[in-house]
Amino acid sequence: MAKKEKLKKELGLFDVFSISTGAMFSSGFFLLPGLASQYTGPSVFIGYLVAGLLILPAMFSIAEISTALPRSGGAYFFLDRSLGPLIGTIGGLGTYLALVFKTAFAIVGIGAYAAFFWEVPVKTIAIAATFFFMGLNLIGAKKTSRLQNFFVIFLLVVLGTFLVEGLYRIFFTEGIDKPGVNSHFEPFFTHGFEGLITTAGFVFVSYLGLTKIASVAEEIKNPERNIPLGMLLSLVVTATIYVLGVFVMVSLINPAEFAEDLAPAASAAEHLFKWLPGDLGTYLMIGAAMAAFASTGNAGLLSSSRYPFAMGRDKLFPPMFSKVGKSGSPISSILLTTALVITFILVFSEEGIAKLASTFNLIIFMLINFAVIVFRKSSIESYDPGFKSPFYPGMQVVGIFISLVLIVYMGWMSILFSGLIVFLAVVWYNYYARGKVKREGAIFHWFALLGKHQHVELENEFMTILKEKGLRQGDPFDATIINSKIINTQPGQDFDGLVEQVADSLSRQMDLDKAVLIKEFQTLSAIDSALLIPEISIQYARYDGIAEPTLHIVLANPGVAKPVEKGDIQSVDHIRVFFFLVNPAKEIRLQLRMLSRLMNIVERDDFVESMIAQSNEREIKEYLLHNERFITVRLLKDTTQADMIGKQLKDIKFPADVLVAIVERDGRSFAPHGFTVLQENDVLTIIGEPRSIKQMFDFYMGTA
C-alpha cells in the first residue's frame, strides 16, 4: 500500500473508550428519555437496559472483524470484503450518510443548548462548531481524540455526580418517596410487553455510537486488545448511566410533564444540587449536555470521514479521497464530510432524519452479523481475529433476528428511506465503480459453487493486514529465531537438493517423516504470492504432533536457482537467503503470524546483503531479532557488567521478564542454562519486554 494511503496508529485504549462513549451520550440521555416514556411509562429505564442487551450481538461481531481487519471504513470495509463490493458500496454509502445525518443532528444540539447562554441563532453556532471540529480533524486523529477525552471526562464527572446525588436523595432522604410508594412508578408498564419492546427500539439509537469505533480501527494501537475492551467498557459505563440516570428522572419528574420534556436531565437537575448556589446545578447539566452533543459531533465527524477515505482507496470513490495529508488525516474526505454536515444543518429537519438513518444502521448490523458467519466459513486462513465473538453462530443469528424485529417497529417511512439509499448505492456502483473493481468477497470462498469467482488477492490483503498487526502476545517468534539452525550452502547447490538436505536435518532433529516435509515445502498455497521478495525464499510446512515452530535459515552465496511456475510461464529465481519454517498443523494462524513477522524483517533495506555480511551465528540471529526487545552485552573487566564474570547464570538477578537467550564464547554460540558459568569476553544476547530492556541498556551500555 502506498505510504500516502496509510493512517497513523495514534489511538490507545482510553481513546477508544472516549470515542465510543462520546458518540453515545447526546440525545439518548438529554433528549429521548421523556419521549420514550410515552410508549411504556415509568419502566422506560428498563427499556434502556433491554436496548443495551440487544446491541451485544452487533458489538461482538464488529469487535471480532475489527481485530481481524483493522481498517478504516468500518462497516463498509467489513461488508465489501465479506459480501463483495456491491454490498460494500450499499453499506458504505448508507452508513456514511446515516453518520453524517446524526453528526449534523448532534452539532445542532450544541447550538440549541448554547441558546440558554447566548442570544445567537442555533444554526449559526452549529456551523461554527462544525468548522471547529473540521480543524481538529485536519490536524490529526490524536488531537481530535484529546478534545474527545476532555468532553468524556467532563461528562462522566457531571453525570456521575448527578447519579450519586439523585440516588442519595431518593433512597436516603425524606424529600422524595422511595420507588415502592412513589406514584410516578404506577402503573409500571403502561402498554405491556409490546410497549417495552417499542421503547427499546426507540432508544436503541442511543447505543449506535458504540460501534462507530470500527471506522477508525486502522488508527488504533494494539487493536486486538483495545477495540473489544474499549467497546465493552464503553457499553457497561454508558448502560449504567442510562439506566440509573433515567431512573432518577422518573423518580423526580411528574409523569405527565416527563412525557413531553425535551430536556429531562436539566429538569431533574432542578430538583437536585440544592447545595450549589442559585441555578449552578442546572447550568452544570446544560454544560454537560453541550459537551455530550459536542463529543457526538466530534466523534461523528472523525469516524464518518473515514468512509470516503476507505472507499476511495478501494476505487469505489474518486481516488482523491484516499490521500492523507502531512498530519496523517484524510483531508479531502474530511472536507467533503464537513460540507455535507453543514448542508444538512441548513436544509433538513434533523430529528426525523436521525430516526430514519437509524433504520439503515439496523440493516448494517444484520449484514455484519452475517459477515462474521461468512468469514468463519470462508476458510481464509489469514482471517485471524484477536477477539472471537462468544456463542458463535447463535450470537449472530440472534443479532440478525433482533435487527429484523426492530426495523419493523421503526415503521414504513424508515424502511422506504433505507430502500432509497440502497437504490442510490446500486446506481452509483453500476455507473461509477463496477468497471474499476476487480475483486469479490469472502462469500465466494465459502460456497464451492461460486469458487470460480474466488478472489485470490483477498487472502493476500488479509496477509498484509496480519503483517501490520504483528505478533500476538505469547507468539514464540523470538524463541524460534534463537533456536533456529543456520546453514551455509556450497557453490553449485541446486534447489531440490537443498530442500532434501533441510528436510533431512529437520526430520532427524524433530523425528519427522522426511518425505512429508519435502512435499509440504514444495506445495504452493494461496498466500505464496504475498511472500515474494527478490533473492529471498520462505518455505513453510505444517506437521501434526509437534509442539512448537522450528526454523532453519540457509545462506546461499552466490545463490541457488529456484524454479518458478506462473501459469504457463516457467522461470528461475536467484535466491540467496532461504527460510524453512515448520509449524504445528493445528496452529495455522500462528504460522501466518510467524510468516508475516518474517516478511516485515526481510523487507528491510539491504536485507540480503546485511544477512550475508554477518560474521557468525549470533550476529545473524541478533540482526533478525533487531528491535527494542533485545540488547547485546560483552563481559569485560572494569565495567558494570564485570560483576557477572565467574557467576552461574541462575545467581544473577535480572528483571523477571528478560532472558539470556544466547551466549557467544570463543566464536561459538550456544543457548545457556541456569548452571552456565559466565566468563570474561562472553557476549550475552538478552531478550525481553521493551521497558526492561531499556533499563538494562541504560545500566550496562553506558559503561560497556
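These notes cover the cores, one helix, one sheet and the cavities of a predicted model.

1. **Main core.** The largest nonpolar core has 137 residues. Phe-29, Phe-30 and Phe-162 have the most contacts inside it. Helix H11, residues 223–252, gives the most to this core, with 13 residues.

2. **Another core.** A core of 37 residues lies apart from the largest one. Leu-598, Tyr-623, Leu-625 and Phe-630 are among its members. As general background, nonpolar side chains tend to be buried together in soluble globular proteins.

3. **Helix H1.** This helix spans residues 13–22. Eight of its 10 residues are buried, so H1 is largely enclosed by the rest of the structure. The buried residues are Asp-15, Val-16, Phe-17, Ser-18, Ile-19, Ser-20, Thr-21 and Gly-22. Note that Asp-15 is on that list. For this count, buried means under 20% relative accessible area.

4. **Sheet layout.** Four strands form an open sheet in the order S5-S8-S6-S7. The pairing is antiparallel. Strand S5 (630–634) and strand S7 (668–670) stand at the edges. Each has a single partner strand, so one side of each is left without a neighbour in the sheet. From one strand to the next, the twist averages 25°.

5. **Pairing, strand by strand.** Work across the sheet from S5. S5 and S8 pair in the antiparallel sense over five bridges. Here Val-633 has Leu-684 in S8 as its bridge partner. S6 and S8 also run antiparallel, joined by six bridges. Leu-659 stands opposite Ile-687 in S8. Strand S6, residues 658–665, then pairs with S7 over three bridges, again antiparallel. In that pair, Glu-664 has Ser-669 in S7 as its bridge partner.

6. **Strand S8.** Is S8, residues 683–688, mostly covered or uncovered? It is mostly covered, with six of its six residues buried. Val-683, Thr-685 and Ile-687 point one way from the strand. Leu-684, Ile-686 and Gly-688 point the other way. Both sets are buried. Two of these residues appeared in the pairing above: Leu-684 as the bridge partner of Val-633, and Ile-687 opposite Leu-659.

7. **Largest cavity.** The structure holds three cavities of 30 Å³ or more. The largest has a volume of about 90 Å³. Its lining has 13 residues. Ile-62, Ala-75, Thr-95, Thr-211 and Tyr-307 lie nearest the centre. Helix H17, residues 350–377, gives the most to this lining, with four residues. By class, the lining residues are seven nonpolar, five polar and one charged.

8. **Second largest cavity.** About 40 Å³ of space lies here. Which residues line the second largest cavity? They are Leu-54, Ile-55, Pro-57, Ala-58, Phe-204, Phe-365, Asn-369, Gly-399, Ile-402 and Ser-403. Helix H5 (56–68), H17 and helix H18 (394–410) each supply at least two of them. The largest share, three residues, comes from H18. The lining has seven nonpolar and three polar residues, with no charged ones.

9. **Helix H17 and the cavities.** Look at H17 when viewing either cavity. This helix gives four residues to the lining of the largest cavity. H17 also supplies at least two residues to the lining of the second largest. The charge content of the linings is worth a look too. One charged residue lines the largest cavity, whereas the second largest has none.

Definitions and conventions
Residues numbered from 1 in each chain as written. Predicted model: local features only at pLDDT ≥ 70, side-chain atom pairs only at ≥ 80, totals over all residues. Heavy atoms only, no water. Core = buried A, V, L, I, M, F, W, Y, C linked by side-chain atoms within 4.5 Å. Buried < 20%, exposed > 50% of the residue type's maximum accessible area, 1.4 Å probe, protein only. Pairing = 2+ DSSP bridges. Axes fitted to C-alpha atoms, helices over the stretch in contact; angles between N-to-C directions. 1 Å grid on protein atoms, 1.4 Å probe; cavity = no way out; pocket = protein on both sides within 12 Å on 5 of 7 lines; lining within 4 Å. Points joined across faces, edges and corners; volume = space filled by probe spheres on them. Nonpolar A, V, L, I, M, F, W, Y, C, P; charged D, E, K, R; others polar.
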